[in-house]
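Colleague: I would like a close look at one part of this model. Please take the place where the two chains touch, and walk me through it slowly.

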Amino acid sequence: MELSAYAQGGWRLLGDPRCFPRRSYASLLRAAFRSLLDHPHAGLDDPDLKDIDPTVLKHCHAAAATCILEAGKQNADISAISTCLEDCKLDKERIEQFCTEYQKNKDALEILLGSIGRSPLHITDVSWRLEYQIKSNQLHKTYQPSYLVTLNVENSDSGSHPDVRFSCTMEQLQDLVGKLKDAAKSLERATQM
Amino acid sequence: MEEVDKILIHSLRQAGTPVPPEVQSVRDLTPELVVEAAVRCLRAVRPALGAPLSPLLPPGISARFRLASDLAAACQELGFGGDVGYQTFLYSSEHDTRRLLLFLVEKLPRDESERGAEPPGKSGALLRAIGARIQEQLGTPWVPPACRTARLQRLQGTGQLRPFVTCPLVLPQSGGPPELQEYFGGAAPPVPAQPPLSVGTPPSLLEAHATQLSARHDWEAEWGGPGLASRLPPQEYVGRKRLRARLRALEPLRQACPPRPQGPPPGPLDPAWLQEAFGAGGVGGFGGALPKGSRFTRTQHLTHEQDPQILLQQIQAAAETLHPSKSPEEDAGARRAGEEAALEETLARLEAEIEGCRGEVRDAQLSLTQAEAEVRQGRLVLGGREDALRLKARAVELLPDAESNMAKLQLVVEASSRRIVSLAGQWERHRGPLLAEYRHLRALRDSAQLESSRRLSEIRSLHERSRSAAAEARRKEELYKQLVAELEALPRDVSRAVYTQRILEIVGNIRKQKEEIGKILVDTRALQKEINSLVGKLERTFSVTDELLFKDAKRDEVVRKAYKYLAALHENCAQLIQTIEDTGTIQREIRDLEEQIEGETSAKPPASLDRILSDCRELREENALLAARARHA
């Protein structure tokens, strides 16, 4: 894990006990996690943070939030975080404090980071109908079965649920089913690595 | 034996038996522990055999017997060659227990060593992690997005994804102009609150961080390479590079932009402005902006010349041509098209007029410059003629007194040539030291340059070394982490090391013992040899004495007595020796017997006998109880 110069500067200030006493450090960490995970407009109006220069406070707040996000993005373990923060001259106790807070919020952080981006549609259900064609305007008699398939789909990008409908012949459906089985099998094979 | 016991107990612990730490040898194992260890090993070796057996010894005696007999049968089925029965578990002797447990531990599957043969390294670990994750996902059923708990949200994703939308952030920092400090300290919102939508906070922060990091990496690469070679301080280097980039960016602009014949143009296409804009904003995107801008300026020019009515129309037309999609649909299409056509016609006409005017202006300016050039040339010619006129006038003035004037002129010429010579001498006088100083300074500069280039190469090699060291450190860190992970995945290796160490220790001990045995053997042999030689000497001495005495015995009475005593002495000595030998054998036998007794006592026969008796009593009681219950029923 690597931090930018700005974030490192913020963490150096955070590690300075003259700048941030212990209580202020803890409440700033809480504020950083809260502003990322709950509501970003939560201010820095904790009574423990009253005595600190607002510029320094905002700098440290941004640095802490950056470090939290970066650690979540890299899926950093405790040792990586500690090495990174040791570079910023933090003492053991503060690093430990950060790590416990991070572990506590790790799941929420992962959910937050996982919800950024796009994903293809998810099929949630299938319904089908068998129909039998007798004739069409081109052919006098066709006498062919065909399947009408509806895929119920969940779209995580927009939250809507449009359905995918198509019709196919027996062979096409068999082909589709075979391919899906192949996919499932290769997934299972991947689990046995 | 202690080493073997330690290894055995270690293996039992690995198989899942909670052997307490104070137990150090097989002798200390209680029957409960022996049964549990045997069952756990059986379950690990062959689950079908071990599954129906309980690892806990039941309190009832008959149930105990049944379990122990089942265990014994299972062990025999596994191929245990020795004598095994319920007594092996319940009234165990140390020796039998050790043999049985050794057999079971030998049979334990070595799955850990198989796992060690998997592809090591990062890709293997990654594949395993992916496999585990997929397995976890396959194991959980699908849940509608609204009902997902936090754990399910991590597995199956949240209900709604947010796009990666970022916005520029203002990062508060100490230092800088006081106005900025005032803003940071007062009105500036905290950084996570800056994006207008709360979903934009994490992407914006991540983007800002990635930008800073990549900028730092770029700068390090730049400064490490051409930056150091330029021998400039960093700020100056950056300034020069910026200037070069600006010039390079402006060059195509100058070529693309036609030279303006008018005076200072009022539009935004001022070259100074452009320079500023591109100097600050970088190189990108000027190609597309140029034609649009020029059209806009043209429109602006028009507005200066037209009355407000047309001006308004022009602005509308410009707006419509620039943003045709913005105009609403409610306008009647035909009317709009007509209007548009008329306006465009007007525009085209006006543009043509402007072009015409511009051409005229250009022509006029061209003729103006031509005329100016002609005037300048005329003035030059005039100046030359005036000079010639002045010379001739002086000559005419000097003409009447030609002789004396010639002499005067000659004097003047000589004086000036003398002055030139003296000046040349002076110049030489000054020039010598200055030249020497110049040479000296040049040499100094050369040496300084040499020094600086040496330093430069040193710095560069240092940079290189530090970079390679950092890379090496990173690589080693990675390797260390990977090895630690592998080590955690292979707990077997530790025990293997312990095994090999103990085996080596045992081998060393055995070698020492063998040496000692060899020494004792050599001693014994020497002793034997000595005894043999002594016995031979004795025999010989005795036969010689015997013969001598026997010869004299016939004549002398005293000698006959002496001969008798000798015979008696010899016999007694032989008896003594015989007795000593007998004592040795008896002592050996005693020692053997003592060993046997010790072996028997170590098998704890009285204790196990007591236990068997008490168990038998309990069994009888249980039987009586059961019989009574049966009778009641």
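Modeller: What follows covers the contact between the chains, then the chain A behind it.

This is a predicted model, so local features need pLDDT of at least 70, side-chain atom pairs count only at pLDDT 80 or more, and totals for chains, interfaces and linings use all residues. Residues are numbered from 1 along each chain as its sequence is written, and chains are lettered from A and ligands numbered from 1 in the order in which they are written.

Start with the whole contact. Chain A gives 45 residues and chain B gives 42 residues. Two residues are in contact if their C-beta atoms, placed from the backbone, lie within 7 Å. On the chain A side, α1 (5-15), α2 (22-37), α3, α5 (92-114) and α6 (170-191) each supply at least two residues. The largest share, 12 residues, comes from α3(A). Helices (H or I, at least four residues) and strands (E, at least two) are DSSP runs, numbered from the N terminus. By type, the chain A side has 18 nonpolar, 18 polar and nine charged residues. Here Ala, Val, Leu, Ile, Met, Phe, Trp, Tyr, Cys and Pro count as nonpolar, Asp, Glu, Lys and Arg as charged, and the others, Gly among them, as polar.

Now zoom in on α3(A). Helix α3 (residues 54-74) of chain A meets helix α10 (residues 178-185) of chain B: their axes come within 8 Å and cross at roughly 70°. Axes are lines fitted to C-alpha atoms, for helices over the stretch in contact, and angles run from 0 to 180 degrees between N-to-C directions. The two helices are therefore roughly perpendicular (65 to 115 degrees). From α3(A) come A:Pro54, A:Thr55 and A:Lys58, and from α10(B) come B:Gln181, B:Phe184 and B:Gly185. Two of these contact residues are nonpolar, three polar and one charged.

Next, the rest of chain A. Chain A has six helices and three strands, in the order α-α-α-α-α-β-β-β-α from the N terminus. The strands form an open antiparallel sheet, ordered β1-β2-β3. Strands pair if DSSP finds at least two bridges between them. β1 (122-133) and β3 (163-168) of chain A are the edges, each with a single partner strand, so one side of each has no neighbour in the sheet. Strand β2 (residues 144-154) of chain A is joined to β1(A) by 11 bridges. A:Trp128 stands opposite A:Val149 in β2(A).

Definitions and conventions. Angles under 35 degrees count as roughly parallel, over 145 as roughly antiparallel, 65 to 115 as roughly perpendicular and the rest as oblique.
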